[in-house]
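Visitor: I have a model on my screen and would like to learn why its parts are called what they are called. Could you walk me through it?

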Amino acid sequence: MPVVNREVVLPVPRERAWELITEPAELQEWLGDDVEFEATEDAPLRVDDREGVVEEVVEHERIVFRWGDSRVEWALEDAVSGTRLLVIEHRYAADSITWGPKLMALSAASALCPA
């Protein structure tokens with residue numbers, strides 16, 4: 001099973017980074033145009049035409065969800081210049097999102113509204 005690892009350092013404190021990855025309005029700025037998401041275990045999620053379910057939530061630390069044929073983990077770590085977001089995607093099939101451009105969009109969104 002292929003694994004994709006990506007990371008970006010967001011120039012914001014961990015609390016703000018958590019908002020950027022858990023609030024639907026924030027997710028719409030970088031992940032997709034139409035987002036339904038709640039940071040609660042077993043909650044359904046939808047990003048545009050992709051549907052899934054939240055599997056695990058550790059507040060201000062990590063979110064794990066499954067969508068399509070992938071299992072994705074978003075993990076937050078403290079960094080010298082802000083908060084590091086790690087994205088680990090276990091792909092069970094060839095279909096998957098391209099994280100590089102999404103994380104660049106998140107980085108730009110976080111710089112516009114740091115707190």
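Visitor: What makes β3 and β4 a pair of strands?

Guide: Two strands pair if DSSP finds at least two bridges between them, and β3 (residues 44–47) and β4 (residues 50–58) are joined by 4 bridges. They therefore count as paired, and they run antiparallel. Arg 46 stands opposite Glu 51 in β4, and Leu 45 has Gly 52 as its bridge partner. The two strands form a hairpin with 2 residues between them, and Asp 48 in the turn has a positive phi of about 55 degrees. A word on sources: this is a predicted model, in which local features need pLDDT of at least 70 and side-chain atom pairs count only at pLDDT 80 or more, while totals for chains, interfaces and linings use all residues. Residues are numbered from 1 along each chain as its sequence is written, and side-chain values use heavy atoms, with hydrogens and water left out.

Visitor: How do you know that β4 and β5 pair too?

Guide: By the bridge count again: β4 and β5 have 6 bridges in the antiparallel sense. One bridge joins Val 58 to Arg 62 in β5. Their hairpin has 3 residues between the strands, and His 60 takes a positive phi near 65 degrees there.

Visitor: What is the strand order of the whole sheet?

Guide: The sheet is open, its 7 strands are ordered β1-β7-β6-β5-β4-β3-β2, and the pairing is antiparallel. β1 (3–10) and β2 (35–36) each have a single partner strand, so one side of each lacks a neighbour in the sheet. Helix α1 (residues 14–22) packs on the sheet and touches β1, β4, β5, β6 and β7. Touching here is contact, meaning heavy atoms within 4.5 Å.

Visitor: Why is β2 called a strand, with residues 35–36?

Guide: Strands are DSSP runs of E with at least two residues, helices are runs of H or I with at least four, and both are numbered from the N terminus. The run 35–36 therefore meets the strand cut-off. The protein has 3 helices and 7 strands in total.

Visitor: Why is Ser 70 called buried?

Guide: Buried means under 20% relative accessible area, exposed over 50%, and partly exposed in between (1.4 Å probe, protein chains only). Ser 70 has 0%, so it is buried. This serine belongs to strand β6, and its C-alpha atom is 5.5 Å from that of Tyr 92, 22 residues apart along the chain. Of the 115 residues of the protein, 43% count as buried.

Visitor: What makes a nonpolar core, and which residues have the most contacts inside the largest one?

Guide: A nonpolar core is a set of buried Ala, Val, Leu, Ile, Met, Phe, Trp, Tyr and Cys residues joined through side-chain atoms within 4.5 Å. The largest has 25 residues, and those with the most contacts inside it are Leu 10, Ile 21, Ile 63, Trp 74 and Leu 85. α1 gives the most to this core, with 4 residues. Beyond its neighbours within four places in sequence, Ile 63 is in contact with residues including Trp 18, Phe 37 and Val 72.

Visitor: How many cavities of 30 Å³ or more does a search of the whole structure find?

Guide: The search finds 1. Leu 27, Phe 65 and Trp 74 are among the residues that line the largest cavity.

Notes. Axes are lines fitted to C-alpha atoms, for helices over the stretch in contact, and angles run from 0 to 180 degrees between N-to-C directions. On a 1 Å grid over the protein atoms alone, a cavity is a set of points where a 1.4 Å probe fits but cannot get out, and a pocket is an open set with protein on both sides within 12 Å along at least five of seven lines; lining residues have an atom within 4 Å of a point. Grid points are joined across faces, edges and corners, and a volume is the space filled by probe spheres set on the points.
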